[in-house]
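Me: I have a model open and would like to talk through the labels attached to it. Could you take them one by one with me?

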Amino acid sequence: MTFDGVEIPEWLTTLAKASEAVDPNELSRFLPPDDPSVRKSAVLILLADGNDGPEVLLTERAWTLRKHAGQMAFPGGGVDPEDGIGDEGLVRTALREAEEETGLDPAGVVPFAVWPALWVPVSNFGVSPVLAWWREPSPVAVVDPAEVASVHTVPLRALADPANRISCLHPSGFTGPAFTIGDLYIWGFTAGLLDKLLLLGGWARDWDPSVVVPLPDRLVEAAWRSEGRRPEDVRRLTAIEHDLGRSMGEEPEGVE
């Protein structure tokens, strides 16, 4: 069907309509402050009709990166001047970054919505999610190992499965939604967006947010390193977080 001048399949209609007037406060409690130091960026939430129903493209960030090392993420990055301004510029940013990270062919991608910018405090990015239909899926893989460790297409059915849904304890002390699918542990900003994507797209299923599973040690260590902690502090804080995570029984407080 045609939605706002863009032809998309029926299974995306609910999400497209909900994205027309989505409230940024419904997506995250972290919104970009009115500060010129906040860097604009965009991520690509790319949806395809896979063998097991709708699926989404995710990357695992390289473990050597200074920020968000090892985390599962949507392809994306900072806006370059040549990308332009407005929603069109954000779309160009998301597509360019996805191509650079995964080898994606942008010609097979149909963007249909841009969500309001959200704030990632640890890196001071204002991130605008660009939603798109992968009309003609192309081969994807790691292009630059210094940026991306692996590339995945994950079925939304698996993300919505209550058996794969948990809450995780962030090193800052907050808890938020997370997903465990095979060896993948999806948490933080990406998990928060996936949680909202399932809700707005009509794919969400009831799950128990009181089930809190600690972050794997390697992810906790990476999170503390991104805060500029010294190696000895990283080891000590990792042990503390792991113990807290095992005993944590409080209700989740937010997305990240």
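**Leu-159 and the cores**

Reply: Happily! This is a predicted model. Leaving aside neighbours within four places in sequence, Leu-159 is in contact with Val-56, Val-154, Arg-165, Phe-179, Ile-181, Ile-186, Leu-194 and Leu-198.

Me: What makes these contacts?

Reply: Contact means heavy atoms within 4.5 Å, and each of those eight names is listed as a contact of Leu-159.

Me: Why is Leu-159 counted in a nonpolar core?

Reply: A core is a set of buried nonpolar residues joined through side-chain atoms within 4.5 Å. Leu-159 belongs to the largest such set, which has 39 residues, and is among the members touching the most others, along with Leu-15, Val-56, Trp-115 and Leu-197. Helix H5 gives the largest share of this core, seven residues.

Me: Which residues does the second, separate core include?

Reply: Leu-46, Leu-90, Val-91 and Leu-95 are included in that separate core of 15 residues.

Me: Why is strand S11 called mostly covered?

Reply: Buried means under 20% relative accessible area. Five of the five residues of S11 (165-169) are buried, so the label fits. Both faces are covered too: Arg-165, Ser-167 and Leu-169 lie on one side, with Ile-166 and Cys-168 on the other. Across the protein, buried residues make up 51% of the 256 residues.

Me: How do you know that S11 and S12 pair?

Reply: Pairing needs at least two bridges between two strands. S11 and S12 (residues 175-181) have five, in the antiparallel sense, so they count as a pair. One example is Ser-167, whose bridge partner in S12 is Pro-177.

Me: What is the space in the largest pocket, and which residues are closest to its centre?

Reply: About 650 Å³ of space lies in the largest pocket. Of its 28 lining residues, Arg-61, His-68, Gly-76, Gly-77 and Phe-125 are the closest to the centre. Elements that each supply at least two lining residues include strand S4 (53-61), helix H3 (86-102) and strand S9 (125-134). The largest share, four residues, comes from S3.

Me: What makes Gly-76 and Gly-77 polar in the count of the lining?

Reply: Gly is grouped with the polar residues by definition, so both glycines fall there. The lining as a whole divides into eleven nonpolar, nine polar and eight charged residues.

Me: And how many helices and strands does the protein have?

Reply: Seven helices and 13 strands. Among contacts between residues at least 6 apart in sequence, 67% join residues at least 24 apart.

Methods:
Residues numbered from 1 in each chain as written. Predicted model: local features only at pLDDT ≥ 70, side-chain atom pairs only at ≥ 80, totals over all residues. Heavy atoms only, no water. 1 Å grid on protein atoms, 1.4 Å probe; cavity = no way out; pocket = protein on both sides within 12 Å on 5 of 7 lines; lining within 4 Å. Points joined across faces, edges and corners; volume = space filled by probe spheres on them. Buried < 20%, exposed > 50% of the residue type's maximum accessible area, 1.4 Å probe, protein only.
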